[in-house]
Amino acid sequence: MLKNEKGQAVAPKTVTMTKKDFEDQGNTRVYWLGGGGTMINDHGTVIMIDPLLEGFDMPLLIDMPIDVKDVPHVDAILVSHVDNDHYSRPTCRD
């Protein structure tokens with residue numbers, strides 16, 4: 001586990017996502033979007049769970065894996081609850 005100078009756990013370096021991650025890879029892949037967010041790509045069907053790619057009201061400690069403007073398509077979004085660390089109106093709209 002990575003820790004900062006204060007001994008707090010920190011996330012590893014962000015793995016940047018590309019448009020290829022949204023294409024049919026011939027299998028099922030799971031991606032971490034940061035925070036509670038996850039993307040599942042099942043043979044090209046893309047589902048985002050609690051995506052928070054923009055519009056968070058506090059500074060984030062990680063870089064986002066993809067800019068919302070670079071997301072080519074999403075087939076479904078699941079929001080588990082509307083706390084601001086799981087739901088972003090700008091991300092869902094854009």
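**Close-up views of a predicted model**

**Figure 1. Histidine 43 in its loop.** At a relative accessibility of 43%, histidine 43 counts as partly exposed. The structure shown here, as in every view below, is a predicted model. Histidine 43 sits in the loop between strand S4 (37-42) and S5. Its backbone is worth a look: phi of histidine 43 is near 55°, a positive value in a residue other than glycine. Most residues other than glycine have a negative phi.

**Figure 2. Aspartate 50, a buried loop residue.** Aspartate 50 belongs to the loop between S5 and strand S6 (76-78). Phi of aspartate 50 is near 50°, again a positive value in a residue other than glycine. Is aspartate 50 buried or exposed? Aspartate 50 is buried, with a relative accessible area of 3%. That value earns the label because buried means under 20%. Histidine 43, from the previous view, is partly exposed.

**Figure 3. The largest nonpolar core.** This core has 11 residues in all. Its members are Met17, Phe22, Tyr31, Leu33, Met39, Val46, Met48, Leu53, Ile66, Val68 and Val71. Strand S3 (28-34) supplies at least two of these residues, and so does strand S5 (45-49). In soluble globular proteins, nonpolar side chains tend to be buried together.

**Figure 4. Isoleucine 66 and its partners.** This view picks out one member of the core, Ile66. Which residues does isoleucine 66 touch, not counting those up to four places away in sequence? Isoleucine 66 touches Met17, Phe22, Leu53 and Val71. Met17, Phe22, Leu53 and Val71 are also members of the largest nonpolar core.

**Figure 5. Threonine 16 beside proline 65.** Threonine 16 lies in the loop between S2 and S3. Its relative accessible area is 60%, so threonine 16 counts as exposed, a label for values over 50%. Threonine 16 and proline 65 are 49 residues apart in sequence. In space, their C-alpha atoms are 4.4 Å apart. Leaving out residues up to four places away in sequence, threonine 16 touches Asp21 and Pro65.

**Figure 6. A salt-bridge network.** Two salt bridges are found in the whole structure. Which residues do they link in a network? The network joins Asp67, Lys69 and Asp70. Aspartate 67 pairs with lysine 69, and the closest N and O atoms of this bridge are 3.4 Å apart. Lysine 69 also meets aspartate 70, side chain to side chain, at 3.5 Å from N to O. Lysine 69 is exposed, with a relative accessible area of 65%. Aspartate 67 is partly exposed at 43%. Aspartate 70 is partly exposed too, at 31% relative accessibility.

**Figure 7. The largest pocket.** The volume of the largest pocket is about 290 Å³. Its lining consists of 15 residues. Which of them lie nearest the centre of the pocket? Ala11, Gly35, Leu60, Leu61 and Ile62 do. Strand S2 (9-10) gives at least two residues to the lining, as does S3. S3 also supplies at least two residues of the nonpolar core in Figure 3. By type, the pocket lining divides into 10 nonpolar residues, four polar and one charged.

Note on methods
Residues numbered from 1 in each chain as written. Predicted model: local features only at pLDDT ≥ 70, side-chain atom pairs only at ≥ 80, totals over all residues. Heavy atoms only, no water. Core = buried A, V, L, I, M, F, W, Y, C linked by side-chain atoms within 4.5 Å. Buried < 20%, exposed > 50% of the residue type's maximum accessible area, 1.4 Å probe, protein only. Helix = DSSP H or I, 4+ residues; strand = E, 2+ residues; numbered from the N terminus. Contact = heavy atoms within 4.5 Å. Salt bridge = Lys/Arg side-chain N within 4 Å of Asp/Glu carboxyl O. 1 Å grid on protein atoms, 1.4 Å probe; cavity = no way out; pocket = protein on both sides within 12 Å on 5 of 7 lines; lining within 4 Å. Points joined across faces, edges and corners; volume = space filled by probe spheres on them. Nonpolar A, V, L, I, M, F, W, Y, C, P; charged D, E, K, R; others polar.
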